[in-house]
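Please walk me through this structure. I would like to see how the strands are arranged and where the backbone does something unusual.

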Amino acid sequence: MRWFALLGLVSACPSPSPGTPDAGFRDVSLDPTNATGYQFQTPVYTVPEGKEYQDCWFVAMPDLNAGQDYYMDRFRLGALPGTHHVNVFRVKTIVHLDGAPGTMVHGEDPRTDECFKSGNWSDWPLVVNSQQSDAANPYYDWHLPGNVAHRFSPGEKLMVQVHYVNASTQDTPANAHVVLDMYRSQAAAPVELGTLFATEQSIRICQSNPNPTFHGTCLFNSGGTNIVAANGHFHSRGVSFSVYQWDGVSTTQPPPASMFYSSDHWDHPDMHIYSPVLNDATGGVWWTCEFQWMPPDPAAGGCDAVNARDPSTVKDCCYTFGPVVETSEHCNLFLYYYPKVAASDITCF
Amino acid sequence: MLLRLLLVLLLAGCPSPANTTCSGPVGEAGQPVALGVVLRGADGTTTVAADGAAAALIQPPQGGKVILAGVRARNLDTCGVNLIAAVRDLCTNRVQLEGRPVNLIVADDGWAYPAAPAELDNFANIGVCPNVSGVRNLYGEPYRVEVSVTDKNGKQGSASVMVVPFCAEPEHALDCACTCAARYVLGSSCAARPDAGPGGCPPGDAGVRD
C-alpha cells in the first residue's frame, strides 16, 4: 500500500505557489518502487530573492501493520538546491506549534512565525535529517545497518521541517521541492535506532572577538553504543565543526585521535555514515564549533540587522543563536546510534 | 541525602560594570590565577558560590534547562577568557559541560566578573535537562560545579564548588520537575509531576563522592 501525503491542498496556512523547476535542474521525485513504506512530498514552490522560508509540515504515520508498531530501515530524502535543511521530528509536547496531519505552518518572519522558534520542538525526538543541497546529487539515500531500524506507531505524528534560503549566503537557483521515502524493514526483530540532537545555547560571534570556539557534550544512556551516522550544522561564519568520542568524565577536550567527525563546509556539511559502525564503550560525545566573524551583507541589513537579533544590550555586531542564515548562527549536532536505551532518544541543550 | 546549608555569598549588588567589554590584565601577572565560581539566578542576579549553594535550573530560549556558571578571577587577562564549566554527578563521576569565550571586567574589590552578567552568553550554559542519562534527579541533590579558564596568554586556573540545583522558574516548575527527574524519557508526558524518588546515589553506581 502506498501512502502519499498530498500537501498544500489542505494547508490552513499560506501555501507556496506550485510551479515547475527551471530547465537545467532535474526535479526530485518519490521512489515509485517504494510500495510498502511511507512517502511525503512538498509542493514545488518558489522562494523569492532575499527570502528564507522555513515550513513545518505535519504528517501522521500510516497503519502499515494492522494496528501494531512497525519499523523503517531506509530513508531517502531528495531536495532541489537551496535547501538549508530538512529535519524530521516526532511531535511530542505542544507549545505553540502544531497542525493537523497534512497541514503546514509557514515560516517567513523569525520574530513571529512559530516554525522558526526552536523552543517549540525542544522535546521532539529527531527522526532523520539532511543538509544535502546539490544539483548533481540531490538525494540522500540512507540504508541503516542490518537489523537496525526506526520504530513508528500507526497515527504517530511527525513534523517535517523544510528550510529554503534564497539570499546572499545561500541561494535557491530554481524552485523548492522536497521528497521523503521511508522503507519498511523486513527484519523480524530489529534493534531500535536512537537519535541524539544537541545544540549550543546562547552562542555569540562578535566583531570584537571574531574567532570563538564553543564546546558542548552529550552523554549516552549507557556504554556499548554504536554510532551509525553524524552531521554538524552551522551557518556561514562556521569554519570547523568537530565531534569526538569522549569518556563522559574528563573536562578537557579529547585528543585529535578521538575525533570521528569533521566538517568545514557550512552549506553542505558531510553526513558521515560509519561503516562499520563506530563502537563507543565510554559514554558520550564532545563537539566543538569554531567560528570566524565576517561582516554581514549590507543587502541583508548589515550590522543593524545582526544587532536587531541580539538580545544583549551590548551591540557588537554579534551573530547570536537563531535560524536565519543571513543574520544568526547555529551549532547543532545530529547523531544516530543504536541501541536506543530505555525507550529514549537524547537531546542536549 | 546530605544537604548542606546553603551558604551563598551574595555580592551586594554584583559589580555593575561601567562598560561591558573587558579589563585587560587584572591582578598580578606573576601570581597564579585566582578563581571562584559565579552562578547566575533566574532573575539575572549573580552570586559567588560557596559549598552548598543553590544553583538555578533555568530554561533558556532554545529549551531544556541549564545551569549558568561563570567565574570571578584575578591574575589573568580578562579579554576573551576561554571558560569550561561542568556539572559533575559524584555518584557516577559523569559530567555535562559547556565551553565558550567570555569577557570579564574588574570591580572595586579587585576581582574580575562577567562583563554583562544579565546576559546568558556571559556564562557557560551547562545543559543538564532533559535528564535522559542521569541516574538521579537534577534538583534537590548535591552536584559539583567545576570551572576552568585559560586566558589568551595560556594562563590557567580552576575551581569547584558543591551546589544543590533547584527549579528556579515558577512558570516552568512542572516541566522542570519532570524533565530534570532521573531517567526522563524524551518527549514523555509531563502532565503529572513525577515522584521525586529517593535521594542519594542509586545502588550499584560507583560513588566517588568526596
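## Strands, chains and odd bonds

Strand β8 (residues 81-88) of chain B pairs with strand β9 (residues 95-102) of chain B. The pairing is antiparallel and runs over eight bridges. Within it, B:I84 has B:G99 of β9(B) as its bridge partner. Keep in mind that this is a predicted model.

Now follow β9(B) across to the other chain. β15(A) and β9(B) also pair in the antiparallel sense, over two bridges. Here A:H215 stands opposite B:G99 in β9(B). B:G99 therefore turns up in both pairings: B:I84 is its bridge partner in one, and A:H215 stands opposite it in the other.

These strands belong to an open sheet of nine strands with mixed pairing. The order is β18(A)-β17(A)-β20(A)-β15(A)-β9(B)-β8(B)-β13(B)-β14(B)-β5(B). Which strands stand at the edges? They are β18 (259-263) of chain A and β5 (53-57) of chain B. Each has a single partner strand, so one side of each is left without a neighbour in the sheet. On average, neighbouring strands of this sheet are turned by 25 degrees against each other, direction ignored.

The contact between the chains involves 38 residues of chain A and 36 residues of chain B. On the side of chain A that touches chain B, β15 (213-219) and β24 are the elements that give two or more residues. β15(A) gives the largest share, five residues. By type, this side of chain A divides into 14 nonpolar, 19 polar and five charged residues.

Next, the backbone. Most residues other than glycine have a negative phi, and most peptide bonds are trans. The table lists two cis peptide bonds.

| Cis peptide bond | Omega | Loop that holds the proline |
|---|---|---|
| A:Y338 and A:P339 | about -5 degrees | between β23 (332-338) and β24 (346-348) of chain A |
| B:C129 and B:P130 | about 10 degrees | between β12 (124-129) and β13 (143-150) of chain B |

Positive phi values come next. A:C317 is not a glycine, yet its phi is about 50 degrees. A:C317 sits in the loop between α1 (302-309) and β21 (319-321) of chain A. B:N75 is not a glycine either, and its phi is about 65 degrees. B:N75 sits in the loop between β6 (65-74) and β7 (76-77) of chain B.

Why does A:C317 count as partly exposed? A:C317 has 19 C-beta neighbours inside 10 Å, and a residue is buried only if 20 or more lie within that distance. B:N75 is partly exposed too, with 19 other C-beta atoms within 10 Å.

Methods:
Residues are numbered from 1 along each chain as its sequence is written. Chains are lettered from A and ligands numbered from 1 in the order in which they are written. This is a predicted model: local features need pLDDT of at least 70, side-chain atom pairs count only at pLDDT 80 or more; totals for chains, interfaces and linings use all residues. Two strands pair if DSSP finds at least two bridges between them. Helices (H or I, at least four residues) and strands (E, at least two) are DSSP runs, numbered from the N terminus. Axes are lines fitted to C-alpha atoms, for helices over the stretch in contact, and angles run from 0 to 180 degrees between N-to-C directions. A residue is buried if 20 or more other C-beta atoms lie within 10 Å of its own, exposed if 12 or fewer, and partly exposed in between; C-beta atoms are placed from the backbone. Two residues are in contact if their C-beta atoms, placed from the backbone, lie within 7 Å. Ala, Val, Leu, Ile, Met, Phe, Trp, Tyr, Cys and Pro count as nonpolar, Asp, Glu, Lys and Arg as charged, and the others, Gly among them, as polar.
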